[in-house]
Amino acid sequence: MPANKKNYYITTPIYYVNDVPHMGHAYSTLACDVLARFKRLDGYNVLFATGTDEHGMKIKQSAEKLGITPQALTDKVSQNFRDLCGAMNFSNDDFIRTTEERHIKACQHLWNVLVERGEIYLDKYAGWYAVRDEAYYSEDELRDGPNGKKIGPSGAEVEWMEEESYFFRLSAWGDKLLDFYAAHPDFVMPETRFNEVKSFVRSGLKDLSVSRTTFDWGVPVPGNEKHVMYVWIDALTNYLTVAGYPNDISTFWPADLHMMAKDILRFHAVYWPAFLMAAGIEPPKRVFAHGWWTVEGEKMSKSLGNVISPYALLEKFGVDGTRFILLREVPFGNDGDFSHANAMARINSDLANGLGNLAQRTLSFIYKNCEATIPSPSDLTENDKALLKKAQMDMLPAVRAELDIQKFNKALDAIWDVVNAANVYIDVEAPWSLKKTDTVRMNTVLYVLCEAIRCLAVIIQPVMPDSASQMLDQLKIAADGRGFDTLSASHAIKAGTVIDQPQGVFPRLVEEKAA
RNA sequence: GGCGGCGUAGCUCAGUGGUAGAGCAGAGGAAUCAUAAUCCUUUGGUCGGGGGUUCAAAUCCCUCCGCCGCCA
């Protein structure tokens, strides 16, 4: 790796393998993929990791029910998540599984460091436990049952349980966390989530149980094999494992961005930086908690039967269409509602009618009227220069600024400003009229349009890699000349380039007839 | 119960003291290169209700209603 290259490390959560991949998994990873692709094109050395969380009681029980080993189960289910990466065209550089040897080593090393520093101690975990729910409840959640026994909120009987457990001294880290938050005002985004995190920490932290003796499908605690690590240390440490821990991690650590849905924010924004600071490791630069999707105005749930599989979206909208609609409209961080009608409208309006038609009307005109050759420009008018400036100079900084704060919808707004400007330009300049009156001017207009389309195709690569590639192929742009460094006049498209008969890149979607 | 957020055009949202905005949808027109796509113009809002501060409030304060989040 060249020493002068900037590094960028971005992660998805590791997904629990007791589930099939759904739209939410695809969404988290997609957001990371777009950022990873953007940074690569923008000259960064990128490490983009995703993976699966494969330990725990539930996996063990599921495997028993199926009569297979936990390892066999996780091998199978983990593959579903790797398949999704292929189907969604994700460009992850690594796929971490918590059952891998490298991860077990990393966890045990981190554990030992925490023990040496006095941050982990052995004690008893005691509380009211409901066997049926596999959960502990606090005193004030309990009701008195009919036979004198206590009953948890779910109605399950609880009993007093004491279990030996290792604890992490989280209670000692509250003030240091608050200091860290104050010093890093962008550590958690969106801001409203950061407020929740701070408020949670301010309310006081209790030490955290970090081991279990009730099951053995996990990372063994070094020196006390009765215990396996409980979820937090095991799962979160994957981010260090991928960076090379316990070997030198300085290339990619601290991570630039941990991406996740809002339900697991606390673990990433409170426990994780506490573990890291306790171990003498710098916390990540940012954790981002995105929202959830509803469907046609309703929460996704198995009982409603409205859970959307990513594969259903891919079938209807294609890979790039799916990637586009998930990021185009909803402010990232907010919950979003997915509606079929809205998705159709967006794809047809922005992709088919907007960008797709712009490319098609331009290239088709050149193919028919200019002997399929991108014509040479003559003197540029103010109007020409204005469009070129937008596409070559202004667009990238605007998009970069938005993506640096994970505003995907705003970044796409900035790109579509240029799409719209190009459609205004073609109508104002009207090359089809110039064909009869001034072919020199017509050639200039067509050239300027080709260059604008080139810039647009280059910059949509992170969001719609295949479609962008098709457009760039049609413009005969070499595969190694598509980085963001080419967004400048010095890399402008070459006049004289002979093109093939153009094909529409974004076909218009037609509503299927009601079945 | 405590803390926080939201409520603006039919829909999705921007707008934090100075003449209410954008995109989509609707209406009218232009153009005919293109995937019946594009471009221009335009209809549409007592800015959740009420009260207050101010020369001036979507914006600041109080209160009520509704929705949501975090915590207990």
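These are my notebook entries on a protein and an RNA strand, taken from a predicted model.

**Entry 1: the surface near the RNA**

I began with RNA strand B and looked up which residues surround it. There are 24 of them, and Glu196, Arg266, Asn357, Arg361 and Lys368 come nearest. Next I asked which helices supply this surface. At least two residues each come from α6 (191-202), α11 (340-369) and α13 (408-429). Helix α11 has the largest share, with ten residues. I also sorted the surface by class and found an even split: eight nonpolar, eight polar and eight charged residues.

**Entry 2: what the protein meets on the strand**

Which parts of RNA strand B lie within 4 Å of the protein? Of those atoms, 74% belong to sugar or phosphate, and the rest belong to bases. I then picked out three polar contacts to look at by eye.

- Arg361 has a polar side-chain atom 2.6 Å from a base nitrogen of RNA strand B.
- Lys368 places a polar side-chain atom 2.5 Å from a phosphate oxygen of the strand.
- Asp427 has a side-chain N or O atom 2.8 Å from a sugar or linking oxygen of RNA strand B.

**Entry 3: salt bridges**

My search of the whole structure turned up 26 salt bridges. I followed three of them.

The first joins the side chains of Asp413 and Arg328, at 2.8 Å from N to O. This pair links distant parts of the chain, with Asp413 in helix α13 and Arg328 in helix α10 (residues 310-328), 85 residues apart. Are the two partners buried or exposed? Asp413 is partly exposed, at 34% relative accessible area, whereas Arg328 is buried, at 6%.

The second is between Arg346 and Asp350, again at 2.8 Å from N to O. These two sit about one helical turn apart because they are four residues apart in helix α11. Arg346 is partly exposed at 23% relative accessibility, while Asp350 is buried at 6%.

The third pairs Asp384 with Arg441, whose closest N and O atoms are 2.7 Å apart. Asp384 is in helix α12 (residues 382-404) and Arg441 is in helix α15 (residues 439-459), so the bridge ties together parts that are 57 residues apart in sequence. Asp384 is buried, with a relative accessible area of 0%, and Arg441 is buried too, at 14%.

I then checked whether any of these bridges connect. Arg328, Glu329, Arg346, Asp350 and Asp413 turned out to be linked in a network of salt bridges.

**Entry 4: empty space inside**

How many cavities of 30 Å³ or more does the structure hold? I found two.

The largest cavity has about 80 Å³ of space. Its lining includes Val34, Phe38, Leu327, Val399, Phe408 and Ile459. Helices α1 (23-41), α12 and α13 each supply at least two residues of this lining, and α13 has the largest share, with four. By class, the lining has twelve nonpolar residues, no polar and no charged.

The second largest cavity has about 50 Å³ of space. Among the residues around it are Tyr15, His25, Thr29, Phe81 and Cys85. Helices α1 and α3 (70-87) each give two or more residues to its lining, and α3 gives the most, with three. Here I counted six nonpolar, three polar and no charged residues.

Note on methods:
Residues numbered from 1 in each chain as written. Chains lettered and ligands numbered in written order. Predicted model: local features only at pLDDT ≥ 70, side-chain atom pairs only at ≥ 80, totals over all residues. Heavy atoms only, no water. Near = heavy atom within 4 Å. Polar contact = N/O pair within 3.5 Å; in protein donor to acceptor, adjacent residues only side chain to side chain. Nonpolar A, V, L, I, M, F, W, Y, C, P; charged D, E, K, R; others polar. Salt bridge = Lys/Arg side-chain N within 4 Å of Asp/Glu carboxyl O. Buried < 20%, exposed > 50% of the residue type's maximum accessible area, 1.4 Å probe, protein only. 1 Å grid on protein atoms, 1.4 Å probe; cavity = no way out; pocket = protein on both sides within 12 Å on 5 of 7 lines; lining within 4 Å. Points joined across faces, edges and corners; volume = space filled by probe spheres on them.
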